[in-house]
Structure formats: C-alpha cells, structure tokens
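Pull up a chair and open the viewer. We'll go through a protein model by asking plain questions and pointing at things.

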Amino acid sequence: MKIKFKKKFAILLTSVVCLLLTSFSAFADGLVKVVPADTTISTSKQITIKINISNINNLYAFAADINYVPGVLKPVSVTKGTALSMNGTVNTFFQYSINKKDGKIIIGLTQEANIGTNITHPETAVIIKFESINSGYCPITLSNVGLLAPNAKTKYAATLSKGTVTVKAVNAKPVNVFFSPSNHGTIIPATFNVAIKTGPVRNLYGFATEINYNPNIIELLEVKEGNFLSQGDSIPTIFM
C-alpha cells in the first residue's frame, strides 16, 4: 500500500509539473525571488536560501528548477515553505529531486484542494540549506518556472530574480611553535632534553619540521614522539 501511494503521488506531481510547463494564456505577472539576493560565507559553512513568491492571485501550484554550482555548494536539505498553505489552513503536496552532477534541484508544490490563494506580500515556497565545499562564485538561478491557477486553466507569467553566494577560503591563523625550555645552560659533559611544543590549534592532523643545531657544540642522542597528536595515546599516529 505504501508503494502504491508513493507511485500515485509521484504521478500526480509529475502531471502538475507538466501542466505548469504547458503553454497557457498569460494572466498576471508573479514575482519569484531567490533570498538573500547576495551573500558571502566562508568554506565549510551552511547557508539557507529561500524561494519567495509574491504579487499573484489565485495560485494553486508552483514548480521550478533551482540551479547552483555543484563545485561550490552542496544541498543539505530541501523543505517546503508556507506559500499555498493559506497560513496552514490548506494542505499542500511537495516533491523534489536533486541532480548533484548538474547542480539542479527540481521542485513541485501544489495545494491538495483546487482552491487557489492570493499572495500579495512575499511568502516562502521552498527552503534550501546549502553547505559550502569550495571557494568560488555561485549564482542561484531559477528556470522552468510554472505558476498555475486552479483546474489548470491559467498559467501565470513570472518575473524571476536570482541570488548569488560568494564563498571565501578561510585563512588559517599562524600557530606558535616553540622550544621548551627556550634557553638551556649546562656544564660539560651533561645531557639535557628539549621539547617542541605548539600553541592553541584546532583540527590539527599532521606536523613536520626541521630542527637545526650546531654539531660542534652538542650531539644528538635521541628523538622521541610526543603525545599532542595522539590525544593521550587514544589515536594511533605515525612518527618518523
């Protein structure tokens, strides 16, 4: 029963999308806008993008392709907004698919009943959460947009407004690396130990350095691994 329900639902939404993209006589211009229009974030951060609808009467269904740059952003979640629900008094159907290779999210939103709603001020149809994976410039554009009246009698014209997301790489802050003790005095002959330490640092995976000394004054006897990468010997490390 569950499989049959899903199949009927998919057929219903596919039919609605086809109707939305079929040529009908234009009735009014609706505004479909990507919000925010322009924003800048750093890599490995999340951003919420909304698709808002306004300036349209008697709207029953909405469909669109939402295009992005897959090398810069990746979708984390796609959820429906409150547009078409008439403040929660009308049930809506929502379906989407993601083409990660081409950077395309195809969405369809319809009312359960053939009622239609007037949207004067911006209302959110779709909410998309993206994560930035690389630095770069990512336009968020709309294509194949359909706005449909009840009973599929009228397809409204749409004025589209895109958005852009600029992702900037995070410049790592310098980490303090030092000898401890920083100065050492001794008598001849004698042995002494010197440790190499770092200041506060996050997400450290590896460490490499060259240690220079005067072989005419001191002789190297032994080099041992510390425990700041192993976190108290709880994580295996490779030292050479």
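What follows is a chat between a learner and a teacher about reading this model.

Q: Before I trust anything here, what average pLDDT does the protein chain have?
A: Keep in mind that this is a predicted model. The protein chain averages a pLDDT of 83, and 84% of the residues score at least 70. Residues 1–27 are another matter: the pLDDT there is below 50, although this stretch has 38 contacts in the model beyond near neighbours in sequence. Where pLDDT is low, predicted coordinates shouldn't be read in detail.

Q: Okay, how many helices and strands does the protein chain have?
A: The chain comes to one helix and 15 strands. Contacts add to that picture: of those with a separation of 6 or more, 74% are between residues 24 or more positions apart.

Q: How do I read the strand pairing, say for β3?
A: Look for the strands that bridge to it. Strand β1 (residues 29–35) pairs with β3 (residues 46–54) in the antiparallel sense over five bridges, with V32 standing opposite I53. β3 also pairs with strand β10 (residues 123–132), again antiparallel, over eight bridges. There, K50 has I127 in β10 as its bridge partner. As you look along a strand, remember that in a regular one the side chains alternate between the two faces of the sheet.

Q: And which strands pair with β8?
A: Strand β5 (residues 61–67) pairs with β8 in the antiparallel sense over seven bridges, and A64 stands opposite I107. Strand β7 (residues 92–99) pairs with β8 in the antiparallel sense too, over eight bridges; in that pairing F94 stands opposite L109. The hairpin of β7 and β8 has four residues between the strands, and G103 takes a positive phi near 70° in it.

Q: Is β8 mostly covered or mostly open?
A: Mostly covered: six of its eight residues are buried. For the protein chain as a whole, buried residues make up 30% of the 240 residues. The chain exposes about 15900 Å², and carbon and sulfur atoms supply 54% of that area.

Q: Which residues have the most contacts inside the largest nonpolar core?
A: That core has 36 residues, and the ones with the most contacts inside it are F62, I66, L73, I107, V126, F130 and I140. Strand β11 (residues 136–148) gives the largest share of this core, five residues. To see how one member sits, click on I140: beyond four places in sequence, its contacts include V34, I49, I66, L73, F130 and V165.

Q: Now a loop residue. Where is Y60, and is it buried or exposed?
A: Y60 is in the loop between β4 (56–59) and β5. Being in a loop doesn't settle the matter, so check the accessibility: at 12%, Y60 falls under the 20% cut-off and counts as buried. Its contacts farther along the sequence include L84, L109, T110, L148 and P150. Y60 and I115 are 55 residues apart along the chain, yet their C-alpha atoms are separated by 6.7 Å.

Q: What about I115 itself: which residues does it touch?
A: I115 is found in the loop between β8 and β9. It touches N58, M86, V90 and P150, leaving out residues up to four places away in sequence. I115 is called partly exposed because its relative accessible area is 42%, between the 20% and 50% cut-offs. The C-alpha atoms of I115 and V90, 25 residues apart along the chain, are separated by 8.7 Å.

Q: Which residues does E112 contact?
A: E112 also belongs to the loop between β8 (104–111) and β9 (117–119). Outside its neighbours within four places in sequence, E112 is in contact with N91, T92 and F93. E112 has 48% relative accessibility, so it counts as partly exposed.

Q: Last one: how many salt bridges does a search of the whole structure find?
A: Side chains of opposite charge can pair when their charged atoms come close. Here the search finds one salt bridge. The side chains of E222 and K224 form it, at 3.8 Å from N to O. E222 is exposed, with a relative accessible area of 56%, and K224 is exposed as well, at 63%.

Conventions. Residues numbered from 1 in each chain as written. Predicted model: local features only at pLDDT ≥ 70, side-chain atom pairs only at ≥ 80, totals over all residues. Heavy atoms only, no water. Core = buried A, V, L, I, M, F, W, Y, C linked by side-chain atoms within 4.5 Å. Buried < 20%, exposed > 50% of the residue type's maximum accessible area, 1.4 Å probe, protein only. Helix = DSSP H or I, 4+ residues; strand = E, 2+ residues; numbered from the N terminus. Contact = heavy atoms within 4.5 Å. Areas by Shrake-Rupley, 256 points an atom, 1.4 Å probe, with all protein chains shown as cover. Salt bridge = Lys/Arg side-chain N within 4 Å of Asp/Glu carboxyl O. Pairing = 2+ DSSP bridges. pLDDT = per-residue confidence, 0-100.
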